[in-house]
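Visitor: I have a model open and want to learn how to read it. Where do we start?

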There are 2 protein chains.
Amino acid sequence: MTAGTPDIDTRTRLLDTALKLFSEHGMEGASLQMIADHLGVTKAAVYYHFKTKDEIAEAVAAPAIQQMIQIVHEASLKRSRGAQRDHALAGFVDLIVRHRMLVGLFNSDPWFKRIIDRAWQTSPRGDLRTRMKTLFAGPDPSIADAITVHIVLAGLGTAGGAPEFADLDDDTLRQHLLDVGRRLLGRPRRSRQPLQKRRRKAASPR
Amino acid sequence: MTAGTPDIDTRTRLLDTALKLFSEHGMEGASLQMIADHLGVTKAAVYYHFKTKDEIAEAVAAPAIQQMIQIVHEASLKRSRGAQRDHALAGFVDLIVRHRMLVGLFNSDPWFKRIIDRAWQTSPRGDLRTRMKTLFAGPDPSIADAITVHIVLAGLGTAGGAPEFADLDDDTLRQHLLDVGRRLLGRPRRSRQPLQKRRRKAASPR
């Protein structure tokens with residue numbers, strides 16, 4: 001099939017519409033019928049592509065999940081910890097900016113969050129969240145480093161999907177998230193020595 | 001009434017049980033009947049105290065909301081911006097640690113989040129979230145400062161309610177969140193000059 005065939009068009013429009021309706025009404029509130037009505041097609045036409053809202057949500061999230069897998073894979077091939085963090089941060093921020101509505105839905109909808117979490121946990125090379133955190137904080141982080149990375153990753157995601165920053169254009173938001181992320185994480189490429197120092201200092205017995 | 005009378009006991013036990021059940025099943029999934037069953041009382045006994053789940057959720061959240069109002073009020077009385085930020089950060093972290101289960105519920109349940117948001121917006125001296133952000137970033141922050149504060153506040157809340165840090169005792173979690181928060185915000189008490197510098201540098205035209 002080539003781009004422009006009715007099936008591809010319908011599928012793409014269906015996913016765009018579903019994301020919009022999921023965002024407005026939550027996955028709980030948006031029905032297959034509602035999606036069909038907004039597309040001006042029958043419910044059967046929606047069923048032709050997807051049987052459940054879960055399947056639609058998985059397809060809506062698939063490009064972002066694929067991008068995340070790619071980022072983590074590429075970052076893990078870098079030699080130094082600094083270069084790994086740099087690549088992972090830049091990729092993560094780019095993903096957040098490209099998929100703002102998706103990120104907003106992830107932040108606000110427990111149902112959608114469960115689907116993404118499941119996709120992350122079952123990704124081909126192991127749990128994406130764990131791999132991402134390892135890229136940022138190393139394999140055996142101190143509590144302080146684990147908390148820092150948790151705050152930065154969760155915070156970047158929240159800020160990227162936040163209504164108060166929705167009117168920033170992509171380049172502006174990307175640059176600001178990247179700057180703030182680098183500053184909060186201690187500028188990856190230069191931080192190896194300070195990070196080690198900080199770790200020894202911060203690691204407290206539990 | 002004195003502590004220990006049946007009514008106070010029932011009300012306290014009811015709120016404890018409701019928070020636990022809301023956390024386990026979400027506000028959507030937990031019913032008044034379920035709460036009554038877990039307390040070993042009739043549904044009528046629950047109705048005697050609260051008519052709706054919203055009322056229960058408001059009462060569950062009331063002590064934390066009250067603490068937040070107090071923190072913001074106390075912080076706003078401090079003279080310097082640094083002292084204001086310091087007080088607000090310490091108070092916010094203490095609140096997160098004291099009310100971890102509540103914070104976890106806030107992070108995961110859109111229904112509960114709506115109730116808290118409403119309580120914040122209608123607090124006596126104006127929207128609590130805006131007042132909190134102003135304490136941290138000033139009345140007219142640059143985009144970079146607004147994003148930093150957003151990331152730190154959202155991140156602290158997420159980390160405080162996160163299952164992966166649930167086994168840290170209160171003092172350890174409090175100290176780590178405070179250390180990380182101070183580092184990420186630039187150590188309030190010492191940051192007046194660097195903050196001003198950073199602002200001029202970071203403020204970019206939109």
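**Reading one side chain, then the pair**

Guide: A polar contact of 2.8 Å links the side chains of Trp111(B) and Asp54(B). The term means a pair of N or O atoms within 3.5 Å; within protein, one must be able to donate a hydrogen and the other to accept it, and residues adjacent in sequence count only if both atoms are side-chain atoms. This is a predicted model: local features need pLDDT of at least 70, side-chain atom pairs count only at pLDDT 80 or more, and totals for chains, interfaces and linings use all residues. Side-chain values use heavy atoms, without hydrogens and water; residues are numbered from 1 along each chain as its sequence is written, with chains lettered from A and ligands numbered from 1 in the order in which they are written.

Visitor: Which residues does Trp111(B) touch, not counting those up to four places away in sequence?

Guide: Contact means heavy atoms within 4.5 Å. Trp111(B) touches Met27(B), Glu28(B), Lys53(B) and Asp54(B). Met27(B) is 84 residues from Trp111(B) in sequence, yet their C-alpha atoms are 6.7 Å apart.

Visitor: How are chain A and chain B related?

Guide: Two copies of a chain are related by a rotation about an axis and a shift along it. Here, a turn of 180° and a shift of 0.0 Å along the axis lay chain A on chain B with an RMSD of 0.0 Å. That is the relation of a two-fold axis. In chain A, the C-alpha nearest the axis belongs to Gly155(A), at 2.3 Å. Superposition is by least squares on C-alpha atoms of residues with pLDDT of at least 70 in both copies.
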